[in-house]
Amino acid sequence: MKNESRLPAHNVTIEGWVVEWLALYWQMPAASIDTRRPLVEQGLDSMGAISLAHDLEQWLGLPLTLSFLWEQRSIEALARALASPGDLFAQAPPSESTESTRASGGATPASLGQQQLWRLNKLQSGSARFHVHLGLRFDGPLDVDSLRLSLQEIVRRHESFRTTFHEQDGRLTQVVASPSRLEMPVVDLRAELDGDLGGALGSASFRTLHEAQGRTPFDLQAGPLIRTALVVLADQTHVLLVTQHQLITDGSSLGVFGRELASLYRVFHAGVPSPLAPPSRQVADVARWEHAWLSGEAAQRQREYWRARLDGVPALTLASRNADAEDPRLGGLVCFEVPVALTSAWKALASREGATLFTALSAAFAVLLRSLAGQEDVLLGTVVANRGRRELRDVVGYLANTVALRCDLTGNPSFRELLARHRVRTTEDLSHQELPFDEVVRHVRDAGGAPPRVRAACVFESLATFELTIPGLCCTLLSDTPDASVPGTARHELTLLLREDEGGLRGAFEYAADVFKPVEVEQLAERFRHLLGRVVETPDARLDDLLPPGVAAPFG
């Protein structure tokens with residue numbers, strides 16, 4: 001079926017609409033918005049871009065992608081492109097109308113991201129590295145039956161929770177089972193805790209249960225790949241433990257899970273049926289679209305971009321000890337916090353320089369890596385939601401993608417100068433985020449002639465948007481790490497995890513145990529916090545004055 005556009009007659013109309021939208025979104029006068037200045041320089045962040053793309057889609061009837069919006073940069077350029085959308089439909093991933101109907105209960109090829117996770121999981125069979133584990137604490141009169149019904153309805157609604165994976169002749173497929181009962185065992189610890197609610201979460205009984213729940217391996221071929229348990233700490237204090245395998249979830253999916261759990265609990269507790277409309281898309285649909293999109297021109301343009309962007313990038317050397325393992329396994333975690341005042345100062349700095357908070361903080365991490373590795377050309381990975389299209393935003397499943405950011409720190413610039421160049425290149429890189437990272441490395445070679453590896457990553461976690469609001473209950477998210485991963489494993493040699501929490505930043509350095517010692521990472525965390533303070537005080541200081549090369553490398 002042909003896309004139907006309700007396009008206005010003139011680009012000036014679109015310019016005015018976008019200016020009015022941004023004025024409302026930013027709560028500022030429309031006259032202060034410059035239609036020729038890049039949007040990111042005026043403070044448009046990723047969440048704002050998603051909302052803007054969604055509302056433009058609704059208004060114009062065009063299949064916008066987030067990358068398309070970023071590529072236009074200014075309001076003026078965006079309006080011109082939207083007024084002549086001849087190429088826009090070709091850039092969009094295939095829509096449902098262009099796909100054959102999926103047979104009920106049939107097997108679907110796994111996405112490239114799922115295939116990569118499957119391979120890594122096989123290398124570490126039994127590891128909890130790819131488990132997502134969190135707790136939801138409820139203080140107040142909990143209706144256990146309504147909670148159980150809510151979980152059951154979520155599993156029924158979203159095929160991802162009923163999916164298993166099967167490999168034959170090198171081909172990985174995902175198979176969806178019929179809805180079945182989700183077990184939610186109830187473990188009562190009231191007698192063991194003897195009223196000591198203050199120390200309940202740190203008690204041996206709770207921690208043993210918490211660890212077992214998070215670390216017990218999943219059978220990826222038999223399923224299910226989600227498990228829950230309800231722990232009773234006191235008459236009106238409960239903790240719901242939820243563990244999922246990453247093959248079926250990501251940060252955005254957890255947000256959907258939380259919203260639906262709260263909504264369904266409220267209506268079931270009131271004794272009325274679910275008001276939620278059936279999901280318009282399932283994760284298997286997205287995998288099929290991806291396979292079709294990869295054969296098109298838009299994917300080829302992204303391959304060409306990444307080949308030009310990453311070819312010849314030097315491998316990052318983080319430590320003098322052996323770091324040649326195919327994939328880091330055992331790991332550790334060093335947690336730290338950034339106070340509210342310092343977080344606010346960084347937000348202000350990023351806003352003044354037209355950057356997002358993530359872009360500014362990833363630039364600071366690149367400065368730390370420069371001093372650690374002694375390199376001025378740094379490959380830094382990050383994880384993106386990869387949900388720029390509106391119909392993907394409520395899909396439960398693994399849609400996240402790794403994006404490689406190539407950071408140019410040459411010439412000993414000031415931090416302000418570094419941020420300006422990093423902002424431009426990061427915006428360009430993130431506008432090409434749809435191509436699966438597995439596909440990127442197939443077409444790129446680093447300076448040594450090998451596929452590039454992400455050895456260090458900076459991830460701003462979407463769990464910051466996890467909301468669970470239920471009248472009559474106080475709901476608190478509990479996780480040992482900013483991204484709800486299980487401590488003791490490592491995805492890369494060094495990963496900076498950040499999550500905004502009550503105005504401040506909750507951070508952690510996750511590290512590979514075969515590369516770093518705990519004391520070394522503790523020193524890195526302290527130096528990073530020191531760097532954050534120095535930068536907001538003197539953003540025009542040269543990098544060598546902020547962190548001279550070698551000062552963060554206490555290795556011998």
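**Close-up views of a predicted model**

**View 1. Val-239, a buried residue.** With a relative accessibility of 0%, Val-239 counts as buried; that word means under 20% relative accessible area, while exposed means over 50% and partly exposed lies in between (1.4 Å probe, protein chains only). This is a predicted model, where local features need pLDDT of at least 70 and side-chain atom pairs count only at pLDDT 80 or more, though totals for chains, interfaces and linings use all residues. Residues are numbered from 1 along each chain as its sequence is written, and side-chain values use heavy atoms, with hydrogens and water left out. Val-239 belongs to strand 7; helices (H or I, at least four residues) and strands (E, at least two) are DSSP runs, numbered from the N terminus. Which residue is 102 residues away from Val-239 along the chain, yet has its C-alpha atom 4.3 Å from that of Val-239? That residue is Arg-137. Beyond its neighbours within four places in sequence, Val-239 is in contact (heavy atoms within 4.5 Å) with residues including Gly-135, Leu-201, Phe-206, Val-231 and Leu-478.

**View 2. The five-stranded sheet.** Here five strands form an open sheet in the order 5-6-7-2-12, with mixed pairing; two strands pair if DSSP finds at least two bridges between them. Strand 5 (186-188) and strand 12 (474-478) are at the edges with a single partner strand each, so one side of each has no neighbour in the sheet. On average, neighbouring strands of this sheet are turned by 20° against each other, direction ignored. Strand 2 and strand 12 run antiparallel and are joined by five bridges. Look for Gly-135: its bridge partner in strand 12 is Leu-478.

**View 3. Helix 7 and its packing.** Helix 7 (residues 144-157) has 14 residues and should span 20 Å at 1.5 Å a residue, which agrees with its end C-alpha atoms being 20 Å apart; the expected span is 1.5 Å times one less than the number of residues. At the N-terminal end, Asp-143 caps helix 7, with a side-chain oxygen 3.3 Å from the backbone nitrogen of Asp-145. Which residues of helix 7 are buried? Among them are Leu-147, Leu-151, Glu-153, Ile-154 and Arg-157. The buried residues of helix 7 pack against strand 2 (131-139), strand 6 (226-234), strand 7 (237-245) and helix 10 (251-269). Helix 7 runs at about 165° to strand 6, whereas helix 10 runs at about 140° to strand 7. Such angles run from 0 to 180 degrees between N-to-C directions, and the axes are lines fitted to C-alpha atoms, for helices over the stretch in contact.

**View 4. The three-stranded sheet.** Another open sheet has three strands in the order 1-4-3, with antiparallel pairing. Strand 1 (107-109) and strand 3 (163-168) are its edge strands, each pairing on one side only. From one strand to the next, the twist averages 35°. Six bridges link strand 3 and strand 4 (residues 171-176), and Glu-167 stands opposite Leu-172 in strand 4. Helix 11 (residues 283-293) lies across strand 1 and strand 4.

**View 5. Two nonpolar cores.** The largest nonpolar core has 76 residues, and those with the most contacts inside it include Trp-346, Phe-365 and Phe-509. Helix 14 (residues 357-373) gives the most to this core, with 13 residues. Apart from it lies another core of 42 residues, Phe-161 and Met-184 among them. A nonpolar core is a set of buried Ala, Val, Leu, Ile, Met, Phe, Trp, Tyr and Cys residues joined through side-chain atoms within 4.5 Å.

Key. Polar contact = N/O pair within 3.5 Å; in protein donor to acceptor, adjacent residues only side chain to side chain.
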